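Reader: Hey, can we look at this one together? I'd like to start with the helices and then ask about pockets.

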Amino acid sequence: MNSKQILDGPALLQKIRRIAFQIFENNFEEKEIIIAGIVGEGFSLAQLLCQNILEISSIKAQAVAIQLNKDVPYESPVQFECDKSIFEDKVIIVVDDVLNTGRTFSYSLAPFLSMHVKKIQVAVVVDRNYRKFPISADYIGYQMSTTLSEHVEVILSDKDRLGVYLR
């Protein structure tokens, strides 16, 4: 299958750094924030955002993985690799590589609704604008209109193929 590179590695990393600056600007009074990345490239994004936030600010940013089955998120509960108490009274930024219908984000946000958190925000590398669920991103690296049959792939975990691709 043919794929077209939309963003190369340096351009993608620049978008991520810009998102980190936006997160800092909107949360500069916080001492600590949690970047919760959806398993896969979303968690890789969370790690990169934490690294950038730590470089540009004094905010302690911690990456946490959100474990869920993206294909059938309603069949098993969302799980975290840490104790849920770390989310209490913190700003939580839930991140994933691509926002398409909003289904994955809807399920990944559900556990936070039963916790006392300061604020929940959403960050994505690519927003495709095909909402079926009422989710919008607070931080967007790149917006693109595609056909429903096209697939957007963000690669963050493989440094040799780093980029955004359209198939």
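Reader: Okay, is the crossing where α1 passes α2 left-handed or right-handed?
Author: It's right-handed: that is how α1 passes α2. Keep in mind that this is a predicted model.

Reader: Which residues of α1 and α2 make the contact?
Author: From α1 you have L13, I16, R17, I19, A20, F21, I23 and F24. On the α2 side, the contact is made by L45, L48, L49, N52, I53, E55 and I56.

Reader: And how do the residues of that contact divide into nonpolar, polar and charged?
Author: There are 12 nonpolar residues, one polar and two charged in the contact of α1 with α2.

Reader: Back up a sec, at what angle do the axes of α1 and α2 cross?
Author: Roughly 60°, and the axes come within 9 Å. Helix α1 covers residues 9–26 and helix α2 covers residues 41–56. That angle makes α1 oblique to α2.

Reader: Cool. New topic: how much space lies in the largest pocket?
Author: About 410 Å³. The pocket has 18 lining residues, and K70, D96, V98, N100 and T104 are the ones nearest its centre.

Reader: Which element gives the most to the lining of the largest pocket?
Author: That's β5, with four residues. β5 (91–99), α3 (103–109) and β8 (152–155) each supply at least two.

Reader: How many residues of that lining are charged?
Author: Eight are charged, alongside five nonpolar and five polar ones.

Definitions and conventions: Residues are numbered from 1 along each chain as its sequence is written. This is a predicted model: local features need pLDDT of at least 70, side-chain atom pairs count only at pLDDT 80 or more; totals for chains, interfaces and linings use all residues. Side-chain values use heavy atoms; hydrogens and water are left out. Axes are lines fitted to C-alpha atoms, for helices over the stretch in contact, and angles run from 0 to 180 degrees between N-to-C directions. Angles under 35 degrees count as roughly parallel, over 145 as roughly antiparallel, 65 to 115 as roughly perpendicular and the rest as oblique. A crossing is left-handed if the near helix is turned anticlockwise from the far one by less than a right angle, and right-handed if clockwise. Contact means heavy atoms within 4.5 Å. Ala, Val, Leu, Ile, Met, Phe, Trp, Tyr, Cys and Pro count as nonpolar, Asp, Glu, Lys and Arg as charged, and the others, Gly among them, as polar. On a 1 Å grid over the protein atoms alone, a cavity is a set of points where a 1.4 Å probe fits but cannot get out, and a pocket is an open set with protein on both sides within 12 Å along at least five of seven lines; lining residues have an atom within 4 Å of a point. Grid points are joined across faces, edges and corners, and a volume is the space filled by probe spheres set on the points.
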